[in-house]
Amino acid sequence: MTTGSAHGLDDGTWLARLVQRGVALAHGTEFPDDAAGRRTLWRLVSVTPDEVSSTVLTYGLRPVGEGWREHALRERADHHCEVHVTPRDLHDLRLQLPAATLIHICENPRVVEAAADAACVQPIVCTSGSAATVVFTLLDALAATGCRFAYHGDFDWPGIALANRVIRRYEALPWRMGTEDYEHLAARSQVEGIPQLALDGQPVDADWDQDLAPAMTALGVALHEEATLDLLVADLSRQV
């Protein structure tokens, strides 16, 4: 009614930022730099943001809790079905997994789909590109219970930047993300006659492998996760 639009205070708009800064000043708190912090800020003035439209794609999570949400995740895992988890779900889920469970993290939903089709046994969390706040909320909850992580993403500069972010935050292992992996996939793609994608943008050094960025620059080829799908599915099919 005040702004003339149902989206007048959508996250990221100038008006929303102005109002949020006013709320932060009125409550003596810092202005947050992430979506989760901004939602918390809104709650200080009794505004409840939508917590059902943003989701994180998962597969094979088997929490040990006895609530219906935990049962539902285990049942979906038993039937090799993916699950879209919302921030609302995460308020009430007890995400306690067996000690030191290895969670694989991927960037592309196609990996989850292929894993489900192949009835893979290992759990996966998908960032679906650049990783929304709900992705990190879930991963933070899993990390807090002692889970370990292995990360795979695209071999392009945004993919390397996201991999750095995830690996730094969770001390994740690089999963088929080395120089040899990249060079092997590039050569295999060429042999198979797959059209080559040009590697554009500013180079990004990989924290886990200092030879990777120079190798990618030299070949000039971007490789998305689909290029290594068979290898990823084989890994996810193995019992740990």
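Helices and strands here are DSSP runs, at least four residues (H or I) for a helix and at least two (E) for a strand, numbered from the N terminus. With that convention I placed Ala-119 in the loop between helix H5 (109–117) and strand S4 (124–126). I keep in mind throughout that this is a predicted model.

**Entry 1, Ala-119.** I looked up how open this loop residue is, and at 32% relative accessibility Ala-119 counts as partly exposed, because that class lies between the 20% limit for buried and the 50% limit for exposed. Leaving out residues up to four places away in sequence, I found that Ala-119 touches Tyr-59 and His-80. I also took a distance to Leu-57, and although Ala-119 and Leu-57 are 62 residues apart along the chain, their C-alpha atoms are separated by 16 Å.

**Entry 2, the chain as a whole.** I then stepped back to the overall counts, which give 10 helices and eight strands in the chain. The C-alpha trace spans about 60 × 45 × 30 Å along its principal axes, and buried residues make up 45% of the 240 residues. When I restricted the contacts to residues at least 6 apart in sequence, 66% of them turned out to join residues at least 24 apart.

**Entry 3, the nonpolar cores.** Which residues touch the most other members of the largest nonpolar core? I find that they are Leu-142 and Phe-149, in a core of 45 residues. The elements that give two or more residues to this core include strand S2 (82–85), strand S3 (102–106), helix H6 (133–144), strand S5 (148–151) and helix H7 (157–170), and further along the chain helix H8 (179–191), helix H9 (212–219) and strand S8 (221–222) are also among them. The largest share, seven residues, comes from H7. I noted as well a second, separate core of 18 residues, which includes Leu-57, Trp-175, Leu-232 and Leu-236; Leu-57 is the residue to which I took the distance from Ala-119.

For Phe-149 I listed the partners beyond four places in sequence, and they are Leu-102, Ile-103, Ile-105, Leu-139, Leu-142, Ala-143, Tyr-170, Ala-172 and Leu-173. Leu-142, which stands beside Phe-149 at the head of the core count, is thus also one of the residues that Phe-149 touches.

**Entry 4, H8 against H9.** Two packed helices are described by the angle between their axes and the distance between the axes. For H8 and H9 I read an angle of about 20 degrees, with the axes 9 Å apart. That makes H8 roughly parallel to H9, since angles under 35 degrees are counted in that class. The crossing of H8 and H9 is right-handed. On the H8 side the contact is made by Thr-179, Tyr-182, Glu-183 and Ala-186, and on the H9 side by Leu-212, Ala-215, Met-216 and Leu-219. I sorted the residues of this contact by character, and they divide into six nonpolar, one polar and one charged.

**Entry 5, Met-216.** I followed one residue of that contact further, namely Met-216, which lies in helix H9. Is Met-216 buried or exposed? At 0% relative accessibility, Met-216 counts as buried. Leaving aside its neighbours within four places in sequence, I find Met-216 in contact with Phe-155, Asp-156, Trp-157, Ile-160, Tyr-182, Leu-199 and Val-221. As a distance check I took Thr-58, 158 residues away along the chain, and the C-alpha atoms of Met-216 and Thr-58 are separated by 30 Å.

**Entry 6, H1 against H2.** The axes of helix H1 (residues 14–26) and helix H2 (residues 35–43) come within 10 Å and cross at roughly 65 degrees, and H1 passes H2 in a left-handed crossing. H1 contributes Ala-16, Val-19, Gln-20, Val-23 and Ala-24 to the contact, while H2 contributes Arg-38, Leu-41 and Trp-42. I find six nonpolar residues in this contact, together with one polar and one charged.

**Entry 7, positive phi.** Where does Ser-128 lie? I place Ser-128 in the loop between S4 and H6, with a phi near 50 degrees, a positive value in a residue other than glycine. At 44% relative accessibility, Ser-128 counts as partly exposed. Glu-171 likewise has a positive phi, near 50 degrees, and is not a glycine; I find Glu-171 in the loop between H7 and strand S6 (173–174). With a relative accessible area of 71%, Glu-171 is exposed.

Notes. Residues are numbered from 1 along each chain as its sequence is written. This is a predicted model: local features need pLDDT of at least 70, side-chain atom pairs count only at pLDDT 80 or more; totals for chains, interfaces and linings use all residues. Side-chain values use heavy atoms; hydrogens and water are left out. A nonpolar core is a set of buried Ala, Val, Leu, Ile, Met, Phe, Trp, Tyr and Cys residues joined through side-chain atoms within 4.5 Å. Buried means under 20% relative accessible area, exposed over 50%, partly exposed in between (1.4 Å probe, protein chains only). Contact means heavy atoms within 4.5 Å. Axes are lines fitted to C-alpha atoms, for helices over the stretch in contact, and angles run from 0 to 180 degrees between N-to-C directions. A crossing is left-handed if the near helix is turned anticlockwise from the far one by less than a right angle, and right-handed if clockwise. Ala, Val, Leu, Ile, Met, Phe, Trp, Tyr, Cys and Pro count as nonpolar, Asp, Glu, Lys and Arg as charged, and the others, Gly among them, as polar. Angles under 35 degrees count as roughly parallel, over 145 as roughly antiparallel, 65 to 115 as roughly perpendicular and the rest as oblique.
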